[in-house]
Amino acid sequence: MSDHVRARDLAERAADLDGADPLAPVRHRFALDDSVYLDGNSLGALSLGVLPRLADVVTHEWGQLRIRSWEESDWWTAPERIGDRIAPLIGAAPGQVVVADSTSVNLFKALVAAVRMVPEDRTEILVDAATFPTDGYIAGSAARLTGRTVRPVPAGEIAAAAGPRTAVALVNHVDYRTGRLHDLPGTTAALHAAGALAVWDLCHSAGALPVALDADGVDLAVGCTYKYLNGGPGAPAYLYVRRELQPRFDSPLPGWNSHADPFGMDPAYVPAEGAVRGRVGTPEILSMLALDAALDAWHGVSVPEVRAKSLRLTDFFLECVDALVPAGRVASVTPVPHAERGSQVSLRCADAGEVMPALVVRGVVGDFRRPDVLRFGFTPLYTRYTDAWRAARALADVLADLNEGNP
Ligand SMILES: Cc1ncc(COP(=O)(O)O)c(C=O)c1O
């Protein structure tokens with residue numbers, strides 16, 4: 001088959017797949033143009049409900065009601081209320097998720113609180129060796145503060161590495177660089193069998209694939225909301241604390257918002273019951289309510305359907321790359337088996353640093369992770385099969401140009 005015929009065939013298949021996609025109408029809930037946006041694993045697109053909601057929050061709730069909005073507009077309870085909206089997306093029953101702070105800050109709360117729940121002779125914190133850097137930095141600080149040590153272990157070996165000295169392990173559900181999906185149920189079970197606790201970072205999985213925190217017995221989890229949950233730049237993150245552990249959750253940042261009676265202005269700290277314990281200070285209301293509005297895009301969307309589309313999209317993109325890009329020019333570092341794949345495809349490419357800017361000029365936006373990785377994120381709520389095909393075709397064109405010395 002000639003290259004031309006092959007490309008036409010893929011284009012037709014992409015159009016057919018889009019035509020049959022049950023999630024296709026959901027794309028209209030977002031502000032998107034005709035460029036190919038494959039960076040929703042870094043910053044999700046703007047959900048159309050955010051603009052009118054924020055306009056109302058600013059003009060009415062803040063502008064007119066002013067301080068009354070803490071009660072009358074339910075600002076005060078927003079962290080738990082919005083946490084309960086995220087809960088079904090991560091397999092959590094209500095009352096266990098609070099929206100607050102950044103992922104990094106929640107990691108700190110989760111790790112220190114976890115270490116405080118286990119006996120002192122459990123001296124080690126295991127950390128996924130390929131972790132997103134902030135997790136490692138925070139784990140290092142949590143270890144110093146609690147008199148423990150950090151041991152980096154490849155995520156796939158944490159289950160085997162856990163032992164009587166393990167206090168807690170911090171694992172990324174999906175590796176941000178490769179898109180590898182780690183075994184959350186198996187690793188959590190192995191940690192528990194070793195008497196240790198499991199903290200999961202869900203930044204690259206929540207909103208892209210099913211997560212079953214309650215069913216899988218996860219102890220604590222954190223995640224951001226600006227990727228697949230489309231909460232907006234710098235949107236607050238969330239913290240999950242398993243219900244049975246909440247009475248033992250001793251926060252290292254016991255701010256007044258987590259007090260049992262915050263307006264009692266009691267000099268003595270008495271923690272609130274429940275997920276509220278994960279709060280620290282005054283919630284970031286504007287970005288929190290932008291997230292609240294963004295979550296409306298999930299109305300009627302089934303997470304298994306999202307997962308099915310994510311796998312079809314990434315399979316199709318890999319097939320297009322295979323068909324269109326000259327052999328040996330890029331190599332996928334994203335696992336082929338579905339059980340090991342998140343919702344992105346990462347291609348190793350020697351000149352990735354030149355390739356990605358050239359793709360962006362052609363209207364295909366992914367990102368570049370040093371030294372040599374091209375990352376393409378697939379957000380099933382709005383990515384089209386046609387986008388996957390166009391991205392692969394643009395990649396082939398850019399690589400051909402670079403080979404010919406035309407940047
Ligand atoms: C896996 C992972 N963990 C943590 C973070 C950092 O999150 P934050 O900037 O909200 O602290 C990121 C950011 O992209 C991430 O991808």
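Let's start where helix α5 touches helix α6 in this predicted model. On the α5 side, the residues in contact are S104, L107, F108, L111, V112 and V115. Facing them from α6 are T134, D135, I138, A139, S141, A142, L145 and T146. If you sort that contact by class, you get nine nonpolar residues, four polar ones and one charged one.

How do we describe a pair like this? Two packed helices are described by the angle between their axes and by the distance between those axes. For α5 and α6, the axes come within 9 Å and cross at roughly 35°. The crossing of α5 past α6 is right-handed.

Now keep those two helices on your screen, please. Helix α5 covers residues 103-116 and helix α6 covers 133-146, and these are the elements that give two or more residues to the lining of the largest pocket. How many residues line the largest pocket in total? There are 17, and the ones nearest its centre are F132, T134, C203, Y226 and K227. You may recognise T134, one of the α6 residues that meet α5. The pocket has a volume of about 200 Å³. Its lining divides into five nonpolar, seven polar and five charged residues.

Next, a second helix pair. Please move along to helix α11, residues 352-361, and helix α12, residues 385-403. Their axes come within 10 Å and cross at roughly 125°, so α11 and α12 are oblique to each other. Here too the crossing is right-handed, with α11 passing α12.

Which residues in α11 and α12 meet? From α11 we have E354, V355, A358 and L359. From α12 come A391, A394, L395, V398, L399 and L402. By class, this contact has nine nonpolar residues, no polar ones and one charged one. The charged one is E354, in α11.

Last stop: enclosed space. Rolling a probe the size of a water molecule over the atoms shows where empty space is left. How many cavities of 30 Å³ or more does the structure hold? Just one, and the largest cavity has a volume of about 50 Å³. To find it, look for P79, V99, A100, D101, N257, R279, V280, G281, P283, E284 and M288, which line it. That lining has six nonpolar, two polar and three charged residues.

So that's our tour: two helix pairs, a pocket and a cavity. Thanks for listening, and do have a look at α5 and α6 yourselves, where the axes cross at roughly 35°.

Key. Residues numbered from 1 in each chain as written. Predicted model: local features only at pLDDT ≥ 70, side-chain atom pairs only at ≥ 80, totals over all residues. Heavy atoms only, no water. Axes fitted to C-alpha atoms, helices over the stretch in contact; angles between N-to-C directions. Helix = DSSP H or I, 4+ residues; strand = E, 2+ residues; numbered from the N terminus. Parallel < 35°, antiparallel > 145°, perpendicular 65-115°, else oblique. Left-handed = near helix turned anticlockwise from the far one by under 90°. Contact = heavy atoms within 4.5 Å. 1 Å grid on protein atoms, 1.4 Å probe; cavity = no way out; pocket = protein on both sides within 12 Å on 5 of 7 lines; lining within 4 Å. Points joined across faces, edges and corners; volume = space filled by probe spheres on them.
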